[in-house]
Number of protein chains: 2
Amino acid sequence: MPLPVPVLPEGVDPAWLPPAAFRAVGGRRTMIRGSGPLVETVHGELAEACRRFGGRAVRDAVPDGAYDLVLGLGGDDLGDEGFAFAREDGTTTVTASDGRGLLYGLFHVVRLGEAAFTGARAREVHRPALALRMLDHWDNVAVHPVMGQVERGYAGGSLFWEDGRARRELDRVRAYGRLLAACGINAISVNNVNVHAAEARLLTDRIGEVAEIAGALRPYGVRTHLSVSFAAPITLGGLPTADPLDRTVRGWWAEATRRVYQAIPDFGGYVVKADSEGQPGPFAYGRSHAEGANLLAAALEPFGGTVHWRAFVYDHRQDWRDRTTDRARAAYDHFVPLDGEFAAGAVLQVKHGPMDFQVREPVSPLLGAMPRTRLAVELQVTQEYTGQQRHVCWLGPMWSEVLRFRHEQGLSVGEVARGGLVAVSNVGDDPFWTGHPLAQANLYTFGRLAWQPDAEPGAVLDEWIALSFPDALEGLTGGLHAVLDGSWRTYEKYTAPLGVGFMVQPGHHYGPSVDGYEYSPWGTYHFADREGVGVDRGVASGTGYAGQYGKPWAELYESPDTCPDELLLFFHHVPYGHVLKSGKTVIQHIYDTHFEGVEEVEEARAVWGSLTGLVDPARHARVAERYEEQLRSAREWRDQVNSYFFRKSGVPDGRGRLIH
Amino acid sequence: MPLPVPVLPEGVDPAWLPPAAFRAVGGRRTMIRGSGPLVETVHGELAEACRRFGGRAVRDAVPDGAYDLVLGLGGDDLGDEGFAFAREDGTTTVTASDGRGLLYGLFHVVRLGEAAFTGARAREVHRPALALRMLDHWDNVAVHPVMGQVERGYAGGSLFWEDGRARRELDRVRAYGRLLAACGINAISVNNVNVHAAEARLLTDRIGEVAEIAGALRPYGVRTHLSVSFAAPITLGGLPTADPLDRTVRGWWAEATRRVYQAIPDFGGYVVKADSEGQPGPFAYGRSHAEGANLLAAALEPFGGTVHWRAFVYDHRQDWRDRTTDRARAAYDHFVPLDGEFAAGAVLQVKHGPMDFQVREPVSPLLGAMPRTRLAVELQVTQEYTGQQRHVCWLGPMWSEVLRFRHEQGLSVGEVARGGLVAVSNVGDDPFWTGHPLAQANLYTFGRLAWQPDAEPGAVLDEWIALSFPDALEGLTGGLHAVLDGSWRTYEKYTAPLGVGFMVQPGHHYGPSVDGYEYSPWGTYHFADREGVGVDRGVASGTGYAGQYGKPWAELYESPDTCPDELLLFFHHVPYGHVLKSGKTVIQHIYDTHFEGVEEVEEARAVWGSLTGLVDPARHARVAERYEEQLRSAREWRDQVNSYFFRKSGVPDGRGRLIH
């Protein structure tokens, strides 16, 4: 029985799967071969598309040459998720070894549109570069009085949890799984890595609720994972300890995990934030993080599950007076000595940069220093530090830079991420899914880069535009590309300069506060004084962080003469008069980029304004309203940053513009 | 029937009324003359004291010369609250025209202790200088998720409200009324001036709960007032408007007020925060604040009640780029044009300074500019900006300076405050009442200064010590005096310098953040750049605020040469090298005071440490623990402020001390 396509609740935006995206495939005669749940999903998709566009989808009939499209399970070993695509003699064929591969093949055809049915195409095999392409939802079951329901969420409440339990109506979750499949994401962790009391119990007596969600996601090939608390044996199990080497603790986890798999046979595994920002962990028992992670890996191993152990461990009670401690060093210092000690089922999940998802950071040196450990790379799709979905900030180019970066061994970050590419989700129960409608492009791009880390982000953007606006009139495609393509660099221009990071309002992280974290315990400093600004992270005279890199990066970052401009203040404290490779002084660069950034927002807003009538009115209005806020905020950033540095440096703007 | 003395719940500190404070009076033969509820209160106090210390208290017996103390209602007109005190031929007499006067007379005797029964004393008449001596409790019925139950409260939850309604057990409220009577306070507003939805209804269907509290306070001469919402006719009455000139609105307030007096015949009146920080007010209808206040005064007039209308009106959405707007000007600019327009039953309640209870502000110019308006002066006993009851900061000297300050007309602030002296309470359900046990001294001192604004604060402090520690062993009295007496100036030294104000963490206002409010909409700036710091509020070149004063202050404040050092940065932006009257430069003053402030805290902590064994252990431990936090925080203040100004000015400390 073909699985009916999930129905979107009234008023919810179809994102990149509007019905019209299926026009080309829906008008064809299609044959589907094979069996299994995901084949029924494929059939359901095609049946719905054909119903709408007049085509016909049949099952397992004898081929008679009259089919435009044949999708079927075939003999080649294409893996769980791979598929082959070809076109010959007027018939397009998609072959896969597994239903999931077939589903991805179908969405490949959808993306191609008419091009999938034109001319001839030699057989191409598509396989995801990374087996795990995962979203971490920082969703809480309960609504936190300050953080709201979704920690760092800017798109309303949780998609999964409502009124203190799993949603009873899961159509929207099913539709979410469908959107994820269409961009290649195959796993979700359904609760916050900061595991509070109610959420801890999802592991035990509330696992049935997780199973309900897993059931809604499964037809689109999305597996469910769970964030758990390292202290669960104490808080849930009543044991006196959570020591990972304690036999009763190991037994408790084994039994708890067995019950999880009873409820969810294809359960993906655990996500753990341990000994970080107040969460419990193995340090309390004098055990290493490898010992902690291996405890959970052992419990999951009989079932093929994986533990994702976050490497986000640092001292968040640092003394700002102590310039020798460097938060950027922390993940490397903590974890590199453990390389080779993690079990096969333990994945170390590493933020892409050494700090915390700033608009510009160097790539984490840890990613080049643990060859004997399965690593996952963590990105942040939710725009915590990049405008909180009130600003347009398409992060594709940044992620692409990260994924293509090569450490000493010659592997790119995308190749190093054998444990998967993971991102913090930007989705909530907002009608547009992501608060800012254009932030959907970030989610889509993440999925596609997880499938193929060396993809051209601009091409992915165009894919997203074509799918989301399949009936785009003249000018719309170019306009959308224009407002999104440069938006990350625009955001970088009007916020913290030259890689120095932060300068945000403490706590909520929206809007400027140049000294907001300067004297705080969080380890996020810029050290601006009347002579200069930046953090000396060199080996010769600074914190030594630059020495965590191999060649050529250690040498390159060590000297302000060779350090790339965009990371200069991350690695060096330089005088305001220091001349950049661009030929400008640091202070003039600060002024210029801040004026330019605001001008670019003004231009983007004007481009968006010119698209009235080409975009659905509700969507246009939502974006237009957010541009007003983005512009207000960008001006605030410009004026605070420029005033701050003018007051400190005393250097006037070379172009005589107004600085308050 | 003598009224039994309220019993303190187990574990609650007796504050300045420990049983031993009654030793002198409790050992005497006392006669009480007269009748009425407060005479029964007096009798109850004496009966309890005599029970404990072996004296005897009788009622209306024929005098036989054998009484040590005679308290009675007499013929002289001493007013509601005055009393006469004399001692002759071995008998001490207290005479009053009203029971309240008699109660205050009794506490006068208690304060004198043995001295009340020694030698001879000519008749002295004591009358409060101010008829209204009031505490505003910023208590909410419900617990606010961020602010807690008591806004700016640092002593636990509310004394009055629990589990969403008035406490059912009111012994502690009775005991509170008794403490207040003993220091002269005679009125309380029982809910927050920011009136939320649940609290708005105290005016109408929940007035019975207010009546319960009023009943508990009445036996100690404390009247109850209520904060109300200007929008009540709409939100509670269902009217389409709250326009003060609308006939139905006036009728609604008249009827609501009539019902309040039905429930509480001695109700004091309303407190209103209107058109301020988001609260509703008359501006919405194009009406003046006099029209708004007079609306409520008219409703209260038939019953003799008063409306306290707060003058805390300013633009809290200011643009920091606009240097012409000056929050300090706001109260004067708003209200002085209305002088003479307020009804007799309307009191304009003015914060003592033009900003918001900073550790140092000039006296509000409004207090010298509205001779035809009844003014109340508002102080803040709760230590919002002065260490939040984690720091010792005895505010007596500051309040005394304010109350003795004379504007042009020659009247002191204490004399101008014909509408009363009002303070935001520092009390909660904490076992020590005020969080920090030594913060009790602030509450006591406020009451005594409200009774006599020109009292010597040091003498009041010694009174508080003698009452609170009646069995003080050698060294304790001096030690207590030492840690409290200079504590305000110590706090001033290590926080924002020279009257500039703020530099606190936004939102909660605890701990330093030099630029915390610098680019904010709240109008609280210091404008520090690499040349200098401070706000030019002169007439010649600044915001003109100094011109709001009469002679001699306008001239004095106008020039940096004559402006008092401690207010220099409030009135002037000066170079770091500006030489103070003290002979030091501004920058060296900043460094020196910040080092000194911390040293003084270290010394005070050592003095406190030396008192171990002389103070009740629980109290000693609580204070000792808070000294640790005060010292940590004072060092943080020192280091952040010094580093900030060193980074900006580039001027090294003249004494070569460590600046980070």
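**Two chains, their contact, and two enclosed strands**

Let me begin with the contact between the chains, to which chain A contributes 23 residues and chain B likewise contributes 23 residues. I should say at once that what we are looking at is a predicted model, and the values I quote are to be taken in that light.

The area buried between chain A and chain B comes to about 2,300 Å², and carbon and sulfur atoms give 47% of it. On the side of chain A, the residues that lose the most area to chain B are Tyr519(A), Arg530(A) and Arg647(A), which together account for 37% of what that side buries. There are also charged pairs to consider: six salt bridges are found across the interface of chain A and chain B, and one of the salt bridges is that of Glu636(A) with Arg321(B), where the closest N and O atoms are 3.1 Å apart.

How are the two copies related? Chain A can be laid on chain B by a turn of 180° with a shift of 0.1 Å along the axis, and the RMSD is then 0.0 Å; the two copies are thus related as by a two-fold rotation axis. In keeping with this, the same surface serves both copies, since 100% of the contact residues of chain A recur in chain B.

Let me now turn to the inside of chain B, starting with an open sheet of six strands, whose order is β2-β1-β3-β5-β4-β6 and whose pairing is mixed. Strands β2 (56-59) and β6 (121-126) of chain B stand at the edges, and because each has a single partner strand, one side of each is left without a neighbour in the sheet. If direction is ignored, neighbouring strands of this sheet are turned by 15° against each other on average. Packed on the sheet is helix α2 of chain B, residues 37-53, which touches β1, β2 and β3 of chain B and whose direction makes about 155° with that of β2(B).

Within this sheet I would like to dwell on β3(B), residues 69-73. Four of its five residues are buried, so the strand is largely enclosed by the rest of the structure. Strand β1 of chain B, residues 29-33, pairs with β3(B) in the parallel sense over four bridges, and in this pairing Arg33(B) has Gly72(B) as its bridge partner. Strand β5 of chain B, residues 91-96, also runs parallel to β3(B) and is joined to it by five bridges; here Leu69(B) stands opposite Thr92(B), while Gly72(B) stands opposite Thr95(B). Gly72(B) therefore appears in both pairings, facing Arg33(B) in β1(B) and Thr95(B) in β5(B).

The second strand I want to show is β18(B), residues 420-424, where five of the five residues are buried, so that this strand too is largely enclosed by the rest of the structure. Which residues cover its two faces? On one side lie Gly420(B), Val422(B) and Val424(B), on the other Leu421(B) and Ala423(B), and all of them are buried. As for its partners, strand β7 of chain B, residues 133-136, pairs with β18(B) in the parallel sense over four bridges, with Met134(B) opposite Val422(B). Strand β17 of chain B, residues 375-380, pairs with β18(B) in the parallel sense over five bridges, and there Val377(B) has Leu421(B) as its bridge partner.

Conventions. Residues numbered from 1 in each chain as written. Chains lettered and ligands numbered in written order. Predicted model: local features only at pLDDT ≥ 70, side-chain atom pairs only at ≥ 80, totals over all residues. Heavy atoms only, no water. Buried < 20%, exposed > 50% of the residue type's maximum accessible area, 1.4 Å probe, protein only. Helix = DSSP H or I, 4+ residues; strand = E, 2+ residues; numbered from the N terminus. Pairing = 2+ DSSP bridges. Axes fitted to C-alpha atoms, helices over the stretch in contact; angles between N-to-C directions. Contact = heavy atoms within 4.5 Å. Least-squares fit on C-alpha atoms with pLDDT ≥ 70 in both. Buried area = accessible area lost by both parts, 1.4 Å probe. Salt bridge = Lys/Arg side-chain N within 4 Å of Asp/Glu carboxyl O.
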